[in-house]
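Q: Please take a close look at how the helical part of this model is held together, covering its nonpolar core and its charged pairs. One connected account would be best.

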Amino acid sequence: MILHHDEFLINNFMYLGQAGVNQLGGVFVNGRPLPDHVRRQIVELALVGIRPCDISRKLLVSHGCVSKILTRFYETGSIRPGSIHGSSGRHSKVNF
């Protein structure tokens, strides 16, 4: 079963070699957040009592990813991903 976001990832990232397939058969792009509609589905399923392991299998998203999204939701109420940390240029050095 290929989900809509998987089709997008396959069409837009596989040819670049940036996408992979997880152990459940779901497509992901390493270092990039899941699309909001998938994050929303994870939270909606959890709120009706479905266990994270079952959500993981149903949506083909790793258990770690499901857990991280749910933890963030329970702590902040947000389904939005955190910032993507990367090179931010030159940093000020603090000398002691």
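A: A nonpolar core is here a set of buried Ala, Val, Leu, Ile, Met, Phe, Trp, Tyr and Cys residues joined through side-chain atoms within 4.5 Å, where buried means under 20% relative accessible area. The model is a predicted one. In its largest nonpolar core there are 14 residues, and Ile42, Ile55 and Val61 are the members that touch the most others. Three helices, α2, α3 and α4, each supply at least two residues of this core. The biggest contribution comes from α2, which gives 5 residues.

The charged pairs come next. Side chains of opposite charge can pair when their charged atoms come close. Searching the whole structure gives 3 salt bridges. One of them joins Arg80 to Asp36, with 2.3 Å between the closest N and O atoms. Asp36 belongs to helix α2 (residues 36-47) while Arg80 lies in the segment after α4 (63-76), so this salt bridge ties together parts that are 44 residues apart in sequence. Neither end falls in the buried class, because that class stops at 20% relative accessible area: Asp36 is partly exposed at 27%, and Arg80 is partly exposed at 46%.

Asp54 takes part in two pairings. Its salt bridge with Arg57 has closest N and O atoms 2.7 Å apart. Asp54 and Arg57 are 3 residues apart in helix α3 (residues 52-59), so about one helical turn separates them. Asp54 also forms a salt bridge with Arg51, and here the closest N and O atoms are 3.0 Å apart. Arg51, Asp54 and Arg57 are thus linked in a network of salt bridges. Asp54 itself has a relative accessibility of 27% and counts as partly exposed.

After α3 the backbone deserves a separate remark. Leu60 is placed in the loop between α3 and α4. Most residues other than glycine have a negative phi. Leu60 is not a glycine, yet its phi is positive, at about 60°. Unlike the partly exposed Asp54, Leu60 is buried, with a relative accessible area of 17%.

Taken by element, the picture is as follows. Helix α2 gives the most residues to the largest nonpolar core and holds Asp36, the partner of Arg80 in the segment after α4. Helix α3 supplies at least two residues of that core and contains Asp54 and Arg57, which are linked with Arg51 in the salt-bridge network. The loop between α3 and α4 holds Leu60, with its positive phi.

Definitions and conventions. Residues are numbered from 1 along each chain as its sequence is written. This is a predicted model: local features need pLDDT of at least 70, side-chain atom pairs count only at pLDDT 80 or more; totals for chains, interfaces and linings use all residues. Side-chain values use heavy atoms; hydrogens and water are left out. A salt bridge is a side-chain nitrogen of Lys or Arg within 4 Å of a carboxyl oxygen of Asp or Glu. Helices (H or I, at least four residues) and strands (E, at least two) are DSSP runs, numbered from the N terminus. Buried means under 20% relative accessible area, exposed over 50%, partly exposed in between (1.4 Å probe, protein chains only).
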